[in-house]
Amino acid sequence: MKSNKDILEEILNKLDNMTYISPSDIPNIELYMDQVTTFMDEHLKANKRNSEDKILTKTMINNYTKNRLLPPPAKKKYSRQHLLLLIFIYYYKSLLSFADIENILKPIIQDYFFAKNNPDISLNEIYRQIMELNIDNLTDIKKDLIAKFDKAQNTFKGAACKSHEQLVLFSFTSELLFDIYLKKRIVERISEYLSDDEEHTKK
């Protein structure tokens, strides 16, 4: 059986092996749906939990369009802008409802998807900067994981050796889940603010 330290080491290694889609990897040509799903699966396959998992399917894409997370394709072809939004959706969908994702992406779609020649900034540049920010944050995330693990090690010190390992792992897991819970609630509040702000703008 793996020790808690072995588990932490595997988690940190997994973070190092997470893949991101570079802006330079995203084709500048329009793609059919099959090509979109193949592209996403190929570039994010290292992030799968199980090898048989699908990163993106036709049904998912249709649902995103139906729920206004993604603008419809032009003549069944998806542009570079579509791919950029699909990557954002990929990261958001495991934590947020479609309504929250719509609220978060709506201003970006309105100002930068259709206005491809926006003089201020392009959707491609937005994606590049966001991805660079997230990659830069990876070091801090790893430090935070180690700090949480070290704090968990100080819990349940009176327990027997086997019980202590089990309870420390539970403490560590609970720390992570509470952190996720709080940040999810913060993002949901931002989504509500964006929705309220849009309703106020309409009046």
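**Exercise 1. In which helix is the place of Ile180? Work out how Ile180 sits at the surface.**

Before starting: this is a predicted model, where local features need pLDDT of at least 70, side-chain atom pairs count only at pLDDT 80 or more, and totals for chains, interfaces and linings use all residues. Residues are numbered from 1 along each chain as its sequence is written, and side-chain values use heavy atoms, with hydrogens and water left out.

Step 1. Find Ile180 in helix H7. Helices here are DSSP runs (H or I, at least four residues), strands are runs of E (at least two), and both are numbered from the N terminus.

Step 2. Check the accessibility. Ile180 is at 40% relative accessibility, so it counts as partly exposed. The cut-offs: buried is under 20% relative accessible area, exposed is over 50%, and partly exposed is in between (1.4 Å probe, protein chains only).

Step 3. Look at the company. Ile180 joins Leu95 and Leu177 in a nonpolar surface patch, and together they have about 270 Å² of accessible area. Patch residues have over 30% relative accessible area and no salt bridge; nonpolar side chains (Val, Leu, Ile, Met, Phe, Trp, Tyr) are joined within 5 Å, like charges within 9 Å. A salt bridge is a side-chain nitrogen of Lys or Arg within 4 Å of a carboxyl oxygen of Asp or Glu. The areas come from the Shrake-Rupley method with a 1.4 Å probe, and for residues only the protein chains shown count as cover.

**Exercise 2. Describe the protein chain as a whole.**

Step 1. Count the elements: seven helices and zero strands.

Step 2. Get the extent. Along the principal axes, the C-alpha atoms fill a box of roughly 65 × 40 × 30 Å.

Step 3. Ask how much is buried: that's 31% of the 203 residues.

**Exercise 3. Which residues lie nearest the centre of the largest pocket?**

Step 1. Know what you're looking for. On a 1 Å grid over the protein atoms alone, a pocket is an open set of points with protein on both sides within 12 Å along at least five of seven lines, while a cavity is a set where a 1.4 Å probe fits but cannot get out; lining residues have an atom within 4 Å of a point.

Step 2. Pick them out: of the 43 lining residues, Met18, Tyr91, Ser94, Leu95 and Ile141 lie nearest the centre. Helices giving two or more residues to this lining include H1 (4-17) and H6 (123-153).

Step 3. Sort the lining: 27 nonpolar, five polar and 11 charged. Nonpolar covers Ala, Val, Leu, Ile, Met, Phe, Trp, Tyr, Cys and Pro; charged covers Asp, Glu, Lys and Arg; the others, Gly among them, are polar.

Step 4. Add the volume, about 2300 Å³. That's the space filled by probe spheres set on the points, with grid points joined across faces, edges and corners.

**Exercise 4. Is Asp100 buried or exposed?**

Step 1. Go to helix H5, where Asp100 has its place.

Step 2. Read the value: with 12% relative accessibility, Asp100 counts as buried.

Step 3. Find a partner far along the chain. Arg189 is 89 residues from Asp100 in sequence, yet their C-alpha atoms are 9.3 Å apart.

**Exercise 5. What is the phi of Arg68?**

Step 1. Recall the background: most residues other than glycine have a negative phi.

Step 2. Read the angle. Arg68 has a positive phi near 65°, and Lys76 is also positive, at about 65°.

Step 3. Place them. Arg68 lies in the loop between H3 (58-66) and H4, and Lys76 is in the loop between H3 and H4 too. Arg68 is exposed at 56% relative accessible area, and Lys76 is exposed at 66%.
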